[in-house]
Amino acid sequence: GAVQPQCRQIDRITVKGSIQPMGIYTFDINVDQVPEPSPNTDPTTPAEAESNSFVDYEDEFSEHPDIVQLRKGVTGEFLAEFRKGFK
């Protein structure tokens with residue numbers, strides 16, 4: 001999928017009862033990009049009316065405006081450099 005190359009392996013573990021190690025991954029976001037709630041938001045408005053999460057996306061991780069916004073600042077260069085150091 002489109003999200004796998006954007007994830008960052010941060011550890012490798014072996015689960016009790018298994019001999020096969022598995023990777024632990026994270027999907028980085030930039031918390032500075034989380035928007036402040038609008039003071040004009042009507043608390044009675046259903047979430048479906050205000051959210052982009054109820055739209056069908058072909059590739060949600062590259063098209064969903066909220067996800068795209070949260071990923072600003074997480075560059076391919078950062079991910080590549082981290083992967084070099086993780087090996």
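**A walk from Arg8 outward**

Arg8 sits in strand S1, which covers residues 8-13. The model is predicted. Its confidence comes first, then the surroundings of Arg8.

The protein chain has an average pLDDT of 87. Of the residues, 98% score at least 70. Among the elements, strand S2 (residues 22-26) has the highest mean pLDDT, at 94. Helix H1 (residues 47-50) has the lowest, at 75. Where pLDDT is low, the predicted coordinates should not be read in detail.

Back to Arg8. Is this residue buried or exposed? Arg8 counts as buried because its relative accessibility is 15%, and the cut-off for buried is under 20%. Which residues does Arg8 contact, once neighbours within four places in sequence are set aside? They are Ile24, Tyr25, Thr26, Asp28, Phe78, Leu79 and Phe82. Tyr25 belongs to strand S2, and Phe82 to helix H4 (residues 76-86).

One of these contacts carries charge. Asp28 and Arg8 form a salt bridge, with the closest N and O atoms 2.7 Å apart. This pair links distant parts of the chain. Asp28 lies in the loop between S2 and H1, while Arg8 lies in strand S1, and 20 residues separate them. Both Asp28 and Arg8 are buried. The two side chains are also joined by a polar contact of 2.7 Å.

How many salt bridges does the whole structure hold? The search finds 2. Besides the Asp28 and Arg8 pair, there is a salt bridge between the side chains of Glu81 and Lys84, at 3.0 Å from N to O. Glu81 and Lys84 both lie in helix H4. They are 3 residues apart, about one turn of the helix. Their exposure can be read from the accessibility values. Glu81 is partly exposed because its relative accessibility is 45%. Lys84 has 57% and therefore counts as exposed, the cut-off being over 50%.

Now take Tyr25, in strand S2. Beyond its neighbours within four places in sequence, Tyr25 is in contact with Cys7, Arg8 and Gln9. With Gln9 there is a polar contact between the side chains, at 3.4 Å. How far is Tyr25 from Val74, C-alpha to C-alpha? The separation is 15 Å, for two residues 49 positions apart along the chain.

Phe82 brings the path to helix H4. Not counting residues up to four places away in sequence, Phe82 touches Arg8, Gln9 and Ile10. Gln9 thus appears in the contacts of Phe82 and in those of Tyr25. Phe82 has a relative accessible area of 26%, so it is partly exposed. Between Phe82 and Val15 the C-alpha atoms are 24 Å apart in space, and the sequence separation is 67 residues.

Val15 leads to the surface. Which residues make the nonpolar surface patch of about 220 Å²? They are Ile13, Val15 and Met22. Met22 is in strand S2, and Ile13 falls within the 8-13 span of strand S1. Met22 is partly exposed because its relative accessibility is 40%.

The route ends where it began. Arg8 in strand S1 touches Tyr25 and Phe82, and its salt bridge reaches Asp28.

Note on methods:
Residues are numbered from 1 along each chain as its sequence is written. This is a predicted model: local features need pLDDT of at least 70, side-chain atom pairs count only at pLDDT 80 or more; totals for chains, interfaces and linings use all residues. Side-chain values use heavy atoms; hydrogens and water are left out. pLDDT is the predictor's confidence in each residue, from 0 to 100. Helices (H or I, at least four residues) and strands (E, at least two) are DSSP runs, numbered from the N terminus. Buried means under 20% relative accessible area, exposed over 50%, partly exposed in between (1.4 Å probe, protein chains only). A polar contact is a pair of N or O atoms within 3.5 Å; within protein, one must be able to donate a hydrogen and the other to accept it, and residues adjacent in sequence count only if both atoms are side-chain atoms. Contact means heavy atoms within 4.5 Å. Patches are made of residues with over 30% relative accessible area and no salt bridge: like charges are joined within 9 Å, nonpolar side chains (Val, Leu, Ile, Met, Phe, Trp, Tyr) within 5 Å. Accessible areas come from the Shrake-Rupley method with a 1.4 Å probe; for residues, only the protein chains shown count as cover. A salt bridge is a side-chain nitrogen of Lys or Arg within 4 Å of a carboxyl oxygen of Asp or Glu.
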